[in-house]
Amino acid sequence: MSKKVAVLVSGGGRSLENLATLQSSGELSAELSLVISNKEGAFALQRASRLNIPSLVIDPERVLSAEQFSERAFQEISAAGCQLVVLAGFLRYLPIPSGWEG
């Protein structure tokens, strides 16, 4: 059984596209289940839409502290049932909760 994966992005999403290609060819046994960006205009969000991967933007105005952002992001990741997180060109400091380390 493949694991559900959340992909955090800030830019173009080429790594997201590469992961999706590997998934569709069977080389990657994972389900890309959620894309999270900290930037509303990130092209990766368009890629996620084209690939039918749910996506959301969290705190593009950078109002939240790094800890608050992390808490919100990992709440969304958990709610989506994801077991793994890939930081694919994610350009914001992200404290990792202890249950997600390693």
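This is a guided tour of a predicted model, with a suggestion at each stop of what to select in the viewer.

**The whole chain**

Start with the full chain coloured by secondary structure. It holds three helices and four strands, and from the N terminus on the elements follow the order β-α-β-α-β-α-β. The radius of gyration is 13 Å, close to the 13 Å that the globule rule gives for 102 residues, so the chain is as compact as a globular protein of that length. Along its principal axes, the C-alpha trace spans about 40 × 30 × 20 Å.

Buried residues make up 39% of the 102 residues. Now consider the contacts in the chain with a separation of 6 or more: 62% of them are between residues 24 or more positions apart.

**The largest nonpolar core**

Next, select V7, V9, L16, L32, V35 and I53. These belong to the largest nonpolar core, which has 15 residues, and they are the ones that touch the most other members. To see where the core comes from, show β1, α1 (14-25), β2 and α2 (43-50): each of them supplies at least two of its residues. In soluble globular proteins, nonpolar side chains tend to be buried together.

Stay with V35 and display its surroundings. Leaving out residues up to four places away in sequence, V35 touches V7, V9, L16, L45, A48, I53, P54, S55 and L56. Apart from this core lies another, of 13 residues; select L34, F74, F90 and L94, which are among them.

**Helix α2 and the loop after it**

Which residues of α2 are buried? Select A44, L45, R47 and A48 to see them. Looking down the axis of α2, its buried residues fall within an arc of 160°, so they line one face of the helix. What covers them includes β1, α1, β2 and β3. Then turn to the other side of α2, where Q46, S49 and R50 are exposed.

Move on to N52, in the loop between α2 and β3 (55-57). Just after α2, this residue takes a positive phi of about 60°, and N52 is a residue other than glycine. Is N52 buried or exposed? N52 counts as exposed, because its relative accessibility is 69% and the cut-off for exposed is over 50%.

**Helix α3**

Select residues 66-79 for helix α3. The helix has 14 residues and reaches 20 Å from its first C-alpha to its last, close to the 20 Å expected at 1.5 Å a residue. Within α3, colour A66, F69, S70, A73, F74 and I77, which are buried. They cover an arc of only 120° around the axis, which puts them on the same side of α3. Show β1 (3-9), β2 (30-37) and β4 (84-87) as well, since what covers the buried residues of α3 includes these strands. On the other side of the helix, E67, E71 and A79 are exposed.

Pick out S70 for a closer look. At 4% relative accessibility, S70 counts as buried. Leaving out residues up to four places away in sequence, S70 touches L94, P95 and P97. Then step past the end of the helix to G81, which takes a positive phi of about 80° just after α3.

**R92 and D59**

Finish with a pair of residues, beginning with R92 in the segment after β4. Is R92 buried or exposed? R92 counts as buried, at 7% relative accessibility.

Which side chain does R92 join through a polar contact of 2.9 Å? The partner is the side chain of D59. The side chain of R92 also reaches the backbone oxygen of L64, at 2.7 Å. To show the wider surroundings of R92, select N38, D59, R62, L64, S65, A66 and F69; R92 is in contact with these, leaving aside its neighbours within four places in sequence. A66 and F69 are also on the list of buried residues in α3.

Now centre on D59, which lies in the loop between β3 and α3. D59 counts as buried, at 9% relative accessibility. Its phi is near 55°, a positive value in a residue other than glycine.

Note on methods. Residues numbered from 1 in each chain as written. Predicted model: local features only at pLDDT ≥ 70, side-chain atom pairs only at ≥ 80, totals over all residues. Heavy atoms only, no water. Expected span 1.5 Å × (residues − 1). Buried < 20%, exposed > 50% of the residue type's maximum accessible area, 1.4 Å probe, protein only. Arc of directions from axis to C-beta. Contact = heavy atoms within 4.5 Å. Polar contact = N/O pair within 3.5 Å; in protein donor to acceptor, adjacent residues only side chain to side chain. Core = buried A, V, L, I, M, F, W, Y, C linked by side-chain atoms within 4.5 Å. Rg over C-alpha atoms; globule rule 2.2 N^0.38 Å.
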